[in-house]
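Please open the structure in your viewer and keep the sequence panel visible beside it. The tour below proceeds by selections, each followed by a short account of what is to be found there.

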Amino acid sequence: MKIRVQDTHILCVVPSLSISMDIDPPFQEKHRALFKNSIVRETNEDMLMASQCELPLIDMNSLNVGHPDREKCIKEMGEAASEWGFFQVVNHGIPNEILERLQYEQMMVFHEPFSKKSQDRFLNLPANSYIWGNSKATCLSQFSWSEAFHIPVTDISTMDGVRNLGSTIEAFVNLAASLAESLAETLADNIGVKTNFFKENCTTSSSYVRMNRYPPCPFSSQVYGLLPHTDSNFLTILYQDQNGGLELLKDGNWLSVRPNPEALVINIGDFFQAFSNNIYRSTEHRVVAPQKVERFSMAFFYCPSYEAVIESYIKPAKYRKFSFREYKQQIQKDVQATGNKIGLSRFLL
């Protein structure tokens, strides 16, 4: 599915905006039992131990056919996907004016009053598209101090109500989908897999985007912005502001990712770990809650169709074949039964 793009050459400068409290979800009011004392009583030391890191950097220009560094670049990308499960890309083909406008339009919609954002069909999106907090949390370490819009790509064209948000997301998605397919094919080629799987099964219409806002949090030493997790997809393309907060787990240690204003962050999802038979790593990651500033990000999740069969292309296979639908259903069952996503280990042979 190709999405119509409008006004992609308008450069938007993000102004300094005052933040009114009525835009924030009622985290403390809704969860009084969790936030019954305003004084922090117990610090989560795990949130304070992350060292800062630079993700491996990939220059997409080096992947052009005929470039003298092409093979070296492919090897470095494969090593990053194996050792880190994360890397960042520059010269990625998404113009700065689109990304700047995306950040501006995203800020505008999140700065609408909570009473408006939380209404059914806000932006003409399906019910439950707007997500905040965690209604099932029984302690602060299970709570997410954030709000988000989860938007299937197929719903973007019907969005309305707030400036040019829909057309801006369309412009971003068109280019992000092309970038994701290129990265996926390159990573498959690196492990010796020649396949049309991504072209045939990971169309733009099967993917989705998630807009995230992390408000300032007075309990930042106790509460996550986003709980530790892995992504249930092939690849995630993340555009974030420069406030930081993304952390990943490597060799048993949490590392804080230093933002790069020129780069997009790429991470490997569960399906690529299964596809590569554990050569590539779907790395656990989280977002810490900011104490004094708000943080914004936009993620594009590169997914197959619900019926696409995912299998290990390196033999002997460590995982049995499964569909995206089956995987999602298993996650829902596990979350209901245990409160947690169990993920790929459910499909080990």
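Does Asn-278 count as buried, partly exposed or exposed? Select Asn-278 in this predicted model. At 33% relative accessibility, Asn-278 counts as partly exposed, because the class of partly exposed residues runs between 20% and 50%. The residue is found in the loop between H7 and S12. Its phi is near 75 degrees, a positive value in a residue other than glycine.

Now select Asn-277. This residue also lies in the loop between helix H7 (270-275) and strand S12 (285-288). Asn-277 has a positive phi of about 60 degrees, although it is not a glycine. Its relative accessible area is 8%, and the cut-off for a buried residue is under 20%, so Asn-277 is buried.

**The whole protein**

Clear the selection and display the full chain as a cartoon. There are 8 helices and 15 strands in the protein. Of its 349 residues, 53% are buried. The exposed surface amounts to about 16,100 Å², and carbon and sulfur atoms supply 47% of that area. Consider also the contacts between residues at least 6 apart in sequence: 81% of them join residues at least 24 apart.

**The sheet**

Colour the strands next. Eight of them can be followed in an open sheet of 8 strands with mixed pairing, in the order S2-S3-S11-S8-S13-S6-S5-S4. Strand S2 (57-59) and strand S4 (130-132) stand at the edges; each has a single partner strand, so one side of each is left without a neighbour in the sheet. From one strand to the next, the twist averages 25 degrees.

Begin at the edge formed by S2. S2 pairs with strand S3 (residues 86-90) in the parallel sense, over 3 bridges. To see one position in this region, select Asp-59, which stands opposite Val-90 in S3.

Move on to strand S13 (residues 295-302), where 8 of the 8 residues are buried. In a regular strand the side chains alternate between the two faces of the sheet. Which residues of S13 lie on one side, and which on the other? Arg-295, Ser-297, Ala-299 and Phe-301 are on one side, while Phe-296, Met-298, Phe-300 and Tyr-302 are on the other. Both faces are covered, and all of these residues are buried.

Two strands that pair with S13 can be added to the selection. Strand S6 (residues 208-214) runs antiparallel to S13 and is joined to it by 7 bridges; here Asn-212 stands opposite Ser-297. Strand S8 (residues 235-240) is likewise antiparallel to S13, with 6 bridges; here the bridge partner of Leu-235 is Tyr-302.

**The nonpolar cores**

Show side chains now, and select Phe-149, Ile-169, Phe-172, Phe-198, Phe-234, Phe-272 and Phe-300. These residues have the most contacts inside the largest nonpolar core, which has 88 residues. Helix H5 (residues 165-190) gives the most to this core, with 13 residues.

Keep Phe-172 on display and reveal its surroundings. Leaving aside neighbours within four places in sequence, Phe-172 is in contact with Ile-94, Ile-98, Leu-99, Leu-102, Met-298 and Phe-300. Another core lies apart from the largest one; it has 11 residues, among them Leu-34, Phe-35, Leu-140 and Phe-219.

**Helix H3**

Select helix H3 (residues 96-110). At 1.5 Å a residue, its 15 residues should span 21 Å, and its end C-alpha atoms are 21 Å apart, which agrees. How many of the 15 residues of H3 are buried? The number is 12, and H3 is thus mostly covered. The buried residues include Ile-98, Leu-99, Arg-101, Leu-102, Gln-103 and Glu-105.

**Two loops to finish**

Select Asn-134, in the loop between S4 and strand S5 (147-152). Asn-134 and His-31 are 103 residues apart in sequence, but 9.3 Å apart in space, C-alpha to C-alpha. Beyond neighbours within four places in sequence, Asn-134 is in contact with His-31, Gln-142, Phe-143, Ser-144 and Leu-227.

Finally, select Pro-316, which lies in the loop between strand S14 (309-310) and strand S15 (322-323). Inspect the peptide bond from Lys-315 to Pro-316: the bond is cis, with omega near 0 degrees.

Notes:
Residues numbered from 1 in each chain as written. Predicted model: local features only at pLDDT ≥ 70, side-chain atom pairs only at ≥ 80, totals over all residues. Heavy atoms only, no water. Core = buried A, V, L, I, M, F, W, Y, C linked by side-chain atoms within 4.5 Å. Buried < 20%, exposed > 50% of the residue type's maximum accessible area, 1.4 Å probe, protein only. Helix = DSSP H or I, 4+ residues; strand = E, 2+ residues; numbered from the N terminus. Contact = heavy atoms within 4.5 Å. Expected span 1.5 Å × (residues − 1). Pairing = 2+ DSSP bridges. Axes fitted to C-alpha atoms, helices over the stretch in contact; angles between N-to-C directions. Areas by Shrake-Rupley, 256 points an atom, 1.4 Å probe, with all protein chains shown as cover.
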